[in-house]
Amino acid sequence: MQAQRLAQTTGRSARVQPFVSAKISSVRRSRALTMRATASYELDPDNASILVCGGGGVALHVTRKLKDMGSWVWMMQRTDIRKAEIEKMMAFVPKGDALSKDDVQRVFDGIEEVDAVVCTLGGSVADPRVDSEGNINVIDAAVKKGVKKFILVTSVGCGDSKDAPGERVYNILKPVLVEKDKAEEHLKAAGADGKLTYVIIRPGGLVSEPATGSAILTEDSSASGMIHREDVASLVVKALFSMKADNKVLTAIDPTKIPGPERVAFQL
């Protein structure tokens with residue numbers, strides 16, 4: 001029924017059905033292999049199939065923005081808490097726990113073609129397993145599926161930005177940041193092997209107030225500060241459809257909320 005509603009609302013049906021005839025599937029598999037074999041690709045926001053993995057917050061904003069652009073969006077959820085809200089956006093809601101490889105694989109298997117993945121999964125200091133294991137499960141399934149582009153949202157304090165949040169903040173968040181580091185390195189390794197194109201985005205401290213529209217991406221790994229979740233989502237979507245961000249590690253900050261030196265914005 002949801003697929004029918006989508007087709008009626010948008011007037012398009014090419015990407016609505018998760019499964020199609022063997023003949024069409026064969027053509028699409030051939031196309032996917034061609035795309036993977038070349039260094040370049042093109043994602044059309046009006047016809048891209050995108051899987052968003054994340055409980056809420058940034059992930060919800062990303063899903064809403066992608067649907068507004070005309071993309072076909074699946075948003076994996078561990079529970080049904082947000083199902084009604086997501087379905088109102090006309091997005092699909094496959095159920096799956098990122099900590100279960102079988103669940104994640106089942107979600108990917110249920111989508112006929114996945115052009116890109118946006119992964120914002122995050123745990124807690126008390127239980128940070130999803131920051132590594134969950135993200136890695138999604139990365140591995142994306143590689144197996146032949147996904148062209150993967151955006152991983154982690155945090156300032158990961159990798160070479162370890163000193164950016166300051167020693168006190170880093171030590172508080174260390175259990176989470178250490179696990180996110182593992183996911184970043186796993187994704188970079190997949191990119192280095194030519195298995196997919198990636199973008200890693202490290203936002204500063206997240207707040208839920210309305211977007212300011214002033215947030216930027218920067219290659220300056222020493223940058224830190226607060227940023228609104230909706231602004232992060234806007235930057236994620238821009239990076240998704242910009243080849244300039246390919247295989248980059250970028251920090252997301254809002255200069256209007258950060259005292260100190262001016263940061264050079266990365267131009268998408």
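Start by selecting helix 3 and helix 8, whose axes come within 8 Å and cross at roughly 50°. That angle makes helix 3 oblique to helix 8 (angles under 35 degrees count as roughly parallel, over 145 as roughly antiparallel, 65 to 115 as roughly perpendicular and the rest as oblique). Axes here are lines fitted to C-alpha atoms, for helices over the stretch in contact, and angles run from 0 to 180 degrees between N-to-C directions. Helices (H or I, at least four residues) and strands (E, at least two) are DSSP runs, numbered from the N terminus.

Before going on, a word about the model: it is predicted, with local features needing pLDDT of at least 70 and side-chain atom pairs counting only at pLDDT 80 or more, while totals for chains, interfaces and linings use all residues. Residues are numbered from 1 along each chain as its sequence is written, and side-chain values use heavy atoms, with hydrogens and water left out.

**Stop 1: the helix 3 and helix 8 contact**

Turn the pair until one helix lies in front of the other; the crossing of helix 3 and helix 8 is right-handed. A crossing is left-handed if the near helix is turned anticlockwise from the far one by less than a right angle, and right-handed if clockwise. Now show side chains. Helix 3 brings Val-58, His-61, Val-62, Lys-65, Leu-66 and Met-69 to the contact, and helix 8 brings Arg-229, Glu-230, Val-232, Ala-233, Ser-234, Val-236, Val-237 and Leu-240 (contact means heavy atoms within 4.5 Å). Colour them by type and you will find nine nonpolar, two polar and three charged residues in this contact. Ala, Val, Leu, Ile, Met, Phe, Trp, Tyr, Cys and Pro count as nonpolar, Asp, Glu, Lys and Arg as charged, and the others, Gly among them, as polar.

**Stop 2: each helix by itself**

Select residues 58-69 for helix 3: its twelve residues should span 16 Å at 1.5 Å a residue, and its end C-alpha atoms are 17 Å apart, which agrees. The expected span is 1.5 Å times one less than the number of residues. Val-58, Ala-59, Leu-60, Val-62, Thr-63, Leu-66 and Lys-67 are buried in helix 3 (under 20% relative accessible area, against over 50% for exposed and in between for partly exposed, with a 1.4 Å probe and protein chains only). Just after helix 3 comes Gly-70, with a positive phi near 100°.

Helix 8 also has twelve residues, and reaches 16 Å from its first C-alpha to its last, close to the 16 Å expected. Its buried residues include Asp-231, Leu-235 and Ala-239.

**Stop 3: from helix 8 to the last residues**

Follow the chain out of helix 8 (229-240) into the loop before strand 9, where you will find Asn-247. Asn-247 has a positive phi of about 60° although it is not a glycine, and at 40% relative accessibility it counts as partly exposed. In this loop, too, is Lys-244, which counts as exposed at 53% relative accessibility. Leaving aside neighbours within four places in sequence, Lys-244 is in contact with Phe-266, Gln-267 and Leu-268. Lys-244 and Gln-267 are 23 residues apart in sequence, yet 7.8 Å apart in space, C-alpha to C-alpha.

Next, click on Leu-268, in the segment after strand 9 (248-253). Is Leu-268 buried, exposed or partly exposed? At 31% relative accessibility, it counts as partly exposed. Not counting residues up to four places away in sequence, Leu-268 touches several residues, among them Leu-217, Leu-235, Ala-239 and Ser-242.

**Stop 4: helices 5, 6 and 7**

Select helix 6 (residues 129-145) and helix 7 (residues 167-192), which pack at about 15° with their axes 8 Å apart. That makes helix 6 roughly parallel to helix 7. The residues of this contact divide into seven nonpolar, three polar and five charged. Helix 6 passes helix 7 in a right-handed crossing.

Now add helix 5, which packs with helix 6 at about 35°, their axes 9 Å apart. Val-104 and Phe-108 of helix 5 are among the contact residues, as are Val-138 and Ala-141 of helix 6. This contact has five nonpolar, two polar and four charged residues.

**Last stop: the whole chain**

Zoom out to see eight helices and nine strands. Buried residues make up 50% of the 268 residues in the chain.
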